Each structure stands twice: as structure tokens, then as C-alpha cells.
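Let's take a walk through this structure together, starting with its pockets and moving on to a few helices and loops. Here is the sequence with its model.

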Amino acid sequence: MKRIFITFLLIALSITTLTAQSLTNAQIKTFVESNLKAFPESTLQDLYKSFFQSVFGPEHLVTDSAKVLGYINHELQQEFNTSYPEAQYLGVDSTFVRVNLSVIKNGTVPKQVLAGCFMRSSQYKSGIGIESFRAQWRQVASHIAANGIRLNNFRNDSLYIENMLSQGRYVWVHSPQYKAVYKPHYRIVSTAIYNAELLPLINPKTGRRTKK
């Protein structure tokens with residue numbers, strides 16, 4: 001059954017990558033390994049969400065600063081996992097960064113500053129279409145299957161994602177497993193904005209990029 005499912009992924013991949021810009025094996029390997037190293041309890045659902053965010057950034061345009069600050073204030077009252085990275089460069093080209101709200105909680109970054117960076121990042125428009133995105137994601141899923149990388153609920157997640165994408169839907173949430181372990185509270189910020197405005201606050205002495 002596993003061999004049949006891997007074959008299905010490879011056939012689907014070959015069909016959809018004919019007109020799409022393919023990812024290299026090195027890009028895919030780095031993306032998968034860096035995410036699983038940071039969050040080893042991730043499922044395919046969580047890797048998909050990370051990949052989606054790496055391509056499209058925040059899920060929609062955000063313009064209401066009062067609501068943004070309200071949501072941040074609410075999340076700051078929730079439980080945090082202290083092992084969660086302060087920032088994680090996303091995807092194969094690091095276009096976006098996940099910034100943990102812990103940087104506000106510990107006084108490193110003012111919440112108005114992070115809120116503003118997040119809102120401006122939401123204006124980003126990806127040049128990739130849904131079919132190209134779908135083809136690239138299939139490359140990632142096929143890499144995971146072909147290399148025997150074990151993820152909980154892999155087959156069901158794969159089928160669900162395929163069905164979702166076939167209907168033109170591509171926004172998804174973290175898995176219950178991921179939420180329970182990592183208690184994620186973050187905002188997506190473009191790498192350019194992060195490096196210019198947030199990194200000097202988070203790493204003022206070194207100015208080095210936070211590790212993936």
C-alpha cells in the first residue's frame with residue numbers, strides 16, 4: 001500500500017511540474033530537515049503550513065491595527081513554549097520569517113513595532129499561481145515519502161491536502177499535535193522587514209540571522 005501511494009505521488013508530481021518551476025532536491029531537503037529539526041513533532045499538515053507561509057506570507061491583507069493589537073494582547077495571555085525559536089526563516093528561499101510573540105513578552109520588541117511589521121508584510125503579493133504552488137508542494141510530499149521520513153498521519157494528510165488543493169483552497173492550520181507540543185504564537189514578517197527592523201532589536205550585538 002505504501003509503495004502504491006508513493007507511486008501515486010510521483011505520477012501526480014510528473015503531471016503538474018511540466019509547466020511549473022521545479023524546486024531542487026537540495027532546496028527541498030533543506031526545507032524539510034530545517035523544519036523537522038526545529039519542530040520534530042511536526043506532521044505533514046504542519047510542513048504544508050510552513051511551506052504555504054514561505055510562499056504567500058500572511059494569509060490575507062491586514063489593515064485594522066486595533067484588531068491586530070487586540071489579537072496580540074489576547075495571545076500574550078496564553079501559555080508559551082519557551083523552547084520555540086524567537087524567529088524562524090521559512091521556506092526554500094527565506095522570503096518570510098515567523099516571529100515568536102515571546103519577543104514582545106520578554107521586552108525585546110515593542111508590540112506596536114511587530115504589529116506594524118506584520119501588517120506591512122501582509123501586503124506582499126506572491127507571483128506564484130495555485131498550480132505552480134501545488135506542483136512544488138507535491139515535490140515536497142514526494143521527497144518525504146520516497147525518503148521514508150516518518151510523520152504521523154502522513155497518508156491521510158497527503159490525501160486531504162490534495163483534495164483541498166484540487167478545490168482551489170490552500171489555507172490550512174497547524175495540527176492538534178503541533179499545537180499541543182509547541183503552543184505556537186507568532187506573526188509572519190517579510191525577511192526584508194525583519195532584517196531591517198526586528199533583527200537589530202533581537203540580536204543587537206551580533207546582527208546575525210536567527211538560525212533556521
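## The second largest pocket

α3 provides the largest share of the lining of the second largest pocket, with three residues. Helices and strands here are DSSP runs (H or I over at least four residues for a helix, E over at least two for a strand), numbered from the N terminus. About 290 Å³ of space lies in this second largest pocket. Its lining has 15 residues, and the closest to the centre are Val-55, Val-92, Asp-93, Ile-128 and Gln-136. Two elements, α3 and α7 (130-146), give two or more residues each to that lining. By class, the lining residues of the second largest pocket divide into six nonpolar, eight polar and one charged.

A word on the terms. On a 1 Å grid over the protein atoms alone, a pocket is an open set of points where a 1.4 Å probe fits, with protein on both sides within 12 Å along at least five of seven lines, and a lining residue has an atom within 4 Å of a point. Grid points are joined across faces, edges and corners, and the volume is the space filled by probe spheres set on the points. Nonpolar covers Ala, Val, Leu, Ile, Met, Phe, Trp, Tyr, Cys and Pro; charged covers Asp, Glu, Lys and Arg; the others, Gly among them, are polar.

## How to read the model

This is a predicted model, where local features need pLDDT of at least 70 and side-chain atom pairs count only at pLDDT 80 or more, while totals for chains, interfaces and linings use all residues. Residues are numbered from 1 along each chain as its sequence is written, and side-chain values use heavy atoms, with hydrogens and water left out.

## The largest pocket

How much space lies in the largest pocket? About 680 Å³. The largest pocket has 25 lining residues, and Glu-59, Glu-75, Phe-118, Tyr-186 and Arg-187 lie nearest its centre. At least two lining residues come from each of α3 (44-56), α4 (65-76) and β3 (186-190), and α4 gives the most, with five. Sorted by class, this lining has eleven nonpolar, seven polar and seven charged residues.

Glu-75 deserves a closer look. Glu-75 sits in helix α4 and is buried, at 17% relative accessible area. Buried means under 20% relative accessible area, exposed means over 50%, and partly exposed is in between (1.4 Å probe, protein chains only). The Glu-75 side chain makes a polar contact with the side chain of His-185, at 3.1 Å. A polar contact is a pair of N or O atoms within 3.5 Å; within protein, one must be able to donate a hydrogen and the other to accept it, and residues adjacent in sequence count only if both atoms are side-chain atoms.

## The loop between β1 and β2

Back to Asp-93 from the second largest pocket: it is in the loop between β1 (87-89) and β2 (96-100). Is Asp-93 buried or exposed? Asp-93 is exposed, with a relative accessible area of 51%. Asp-93 and Gln-27 are 66 residues apart in sequence, with 8.2 Å from C-alpha to C-alpha.

Ser-94 lies in the loop between β1 and β2 as well. Ser-94 is buried, at 8% relative accessibility. The C-alpha atoms of Ser-94 and Ser-190 are 8.7 Å apart, with their positions 96 residues apart along the chain.

## Helix α8 and some positive phi angles

Helix α8 (residues 154-166) has 13 residues and spans 18 Å from first C-alpha to last, close to the expected 18 Å. That expected span is 1.5 Å times one less than the number of residues. Its buried residues are Phe-154, Asp-157, Ser-158, Ile-161, Glu-162, Met-164 and Leu-165. Seen down the axis of α8, these fall within an arc of 165°, so they line one face of the helix; the arc is that of the directions from the helix axis to the C-beta atoms.

After α8 comes Gly-168, with a positive phi near 80°. Most residues other than glycine have a negative phi. Asn-153 is not a glycine, yet its phi is positive, about 65°. Asn-153 lies in the loop between α7 and α8 and is partly exposed, at 43%. Lys-183, also not a glycine, has a positive phi of about 45°. Lys-183 lies in the loop between α9 (176-182) and β3.

## The chain as a whole

The protein chain has ten helices and three strands. Of its 212 residues, 50% count as buried.
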